[in-house]
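Here's a quick briefing to read with the model open beside you. It goes through the core, a central topic or two, and a few spots worth a click.

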Amino acid sequence: MVKIGNIELGDFPLLLAPMEDVSDPPFRAVCKQNGADLMYTEFISSEGLIRDAAKSVQKLDVYDYERPIGIQIFGNEIESMREAAAIAEEAGPDILDINYGCPVHKVACKGAGAGILLDIPKMVSMTAEIVKRVNIPVTVKTRLGWSHDTIKIVEVAERLQDVGIQAISIHARTRQQMYKGEADWSWLNLVKDNPRLHIPVFGNGDIDSPEKAAEYKSKYNVDGMMIGRASIGYPWIFNEIKQYLATGEKLPAPDLAERLAVAKKHLDFSIEWKGEKQGILEMRRHYTNYFRGMPNFKPYRTEMVTADTYSQVCEILDQVAEAYAEYEF
């Protein structure tokens, strides 16, 4: 049984990665219903929280049906991160996660996210202060290092454990790689082989199919996996991986009726949470994957990502149901 603190996650948990503008409550809802064992919010700016910025505060929304749920924060100032951690804890999550992995320029080049991998002592000090500030388990998501020449992930994992984190998720790329090239999970073996390390280690990067999940579970000694981009518009991947790991057999791909139903549920929650205009806008990134592989689908997708009202989107979904009634995935 893999545990974070006293939170039991099962024998080989599958985690939903925190993704900016993706991992909001509507998306988390459909992932939870399709097998995600632990989910995290979008990353939240520490400066935004302590200044009570509306966008940052809204990201604190968590719901009981999501549990266990973690709130993730990022920033480059230790005191701001301490204050933000306390604010996040008040929102009632089960876990607080620290983002030491975001590679985007506006975050990393200000010393936050993956940028702190250039200053390991500060990374350790910041983590220690956050652990002391809250009463819930603290976890970390990070990358292998800033560049291939500066990888110190074995040392980093041990030092963060020693100041109190209770699990670490490692995206097996460097910041320099961004999302390019192949994730190198061999480093995760080295982390797990450290006899001093006893916290769970979750692997992240390139898990996009049940077959790859099974292969990586066999090759690399991780305690679970974090799924990110492969879940966008395809929340079924969690249960598909679980089924394959348990039986060696693949679940049937979701049929059109299931895809339409989940897309509609996702849309409804998106509008309920953010209002019609913003909810419709933020759903647009998901449609391609919900209907991936369907022939001659581009005109419908174009209509979906340009529709401005709920009724228009629903009408297009009805047209898809009729046009592809005989299609099999």
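A nonpolar core here is a set of buried Ala, Val, Leu, Ile, Met, Phe, Trp, Tyr and Cys residues joined through side-chain atoms within 4.5 Å. Keep in mind that this is a predicted model. With that in hand, the largest nonpolar core comes to 101 residues.

**The nonpolar cores**

- Inside the largest core, the residues with the most contacts are Ile 73, Ile 168, Trp 185, Met 225, Phe 291 and Val 320.
- Helix α11, spanning residues 256–274, gives the most to this core, with 6 residues.
- There's also a second, separate core of 5 residues, and Phe 43, Cys 102, Val 107 and Ala 112 are among them.
- In general, nonpolar side chains in soluble globular proteins tend to be buried together.
- Click on Met 225 and, leaving out residues up to four places away in sequence, you'll find it touching Phe 12, Pro 13, Leu 14 and Leu 15, and also Trp 185, Phe 202, Gly 203, Ile 207, Ala 213, Tyr 216 and Lys 217.
- One of those partners, Trp 185, is itself on the list of residues with the most contacts inside the largest core.

**Strand β6 and its neighbours**

- Strand β6 (residues 95–100) has 6 of its 6 residues buried, so the rest of the structure largely encloses it.
- Side chains in a regular strand alternate between the two faces of the sheet.
- In β6 both faces are covered: Ile 95, Asp 97 and Asn 99 are buried on one side, and Leu 96, Ile 98 and Tyr 100 are buried on the other.
- On one flank, strand β5 (residues 69–74) runs parallel to β6 and is joined to it by 4 bridges.
- Ile 73 has Ile 98 as its bridge partner in β6.
- Strand β7 (residues 138–143) also runs parallel to β6, with 5 bridges joining the two.
- Ile 98 turns up again here, since its bridge partner in β7 is Val 140.
- Follow the chain from β5 through helix α4 (residues 78–90) to β6 and you trace a right-handed β-α-β unit.

**Two buried residues to look up**

- Ser 46 sits in helix α2, residues 46–50.
- How buried is Ser 46? Its relative accessible area is 1%, and under 20% counts as buried, so Ser 46 qualifies.
- Setting aside residues up to four places away in sequence, Ser 46 touches Phe 74, Gly 75, Ser 80, Met 81 and Ala 84.
- Ile 151 is in the loop between β7 and α7 (153–162).
- Ile 151 is buried too, because its relative accessible area of 13% falls under the 20% cut-off.
- With the same sequence neighbours left out, Ile 151 touches Leu 144, Gly 145, Thr 174 and Trp 187.
- If you want a distance to check, the C-alpha atoms of Ile 151 and Gly 293 are separated by 38 Å, with their positions 142 residues apart along the chain.

**The cavity and helix α12**

- How many cavities of 30 Å³ or more does a search of the whole structure find? It finds 1.
- The largest cavity holds about 40 Å³ of space.
- Its lining is made up of Asp 21, Asp 24, Pro 26, His 266, Ser 270, Glu 282, Met 283, Arg 285 and His 286.
- Helices α11 and α12 (276–283) each supply at least two of the lining residues.
- In α12, the buried residues include Gly 279, Ile 280, Glu 282 and Met 283.
- The buried residues of α12 pack against α11, α13 (287–290) and α15 (310–323).

Definitions and conventions
Residues numbered from 1 in each chain as written. Predicted model: local features only at pLDDT ≥ 70, side-chain atom pairs only at ≥ 80, totals over all residues. Heavy atoms only, no water. Buried < 20%, exposed > 50% of the residue type's maximum accessible area, 1.4 Å probe, protein only. Contact = heavy atoms within 4.5 Å. Pairing = 2+ DSSP bridges. Right-handed = clockwise from strand over helix to strand, strands pointing away. 1 Å grid on protein atoms, 1.4 Å probe; cavity = no way out; pocket = protein on both sides within 12 Å on 5 of 7 lines; lining within 4 Å. Points joined across faces, edges and corners; volume = space filled by probe spheres on them.
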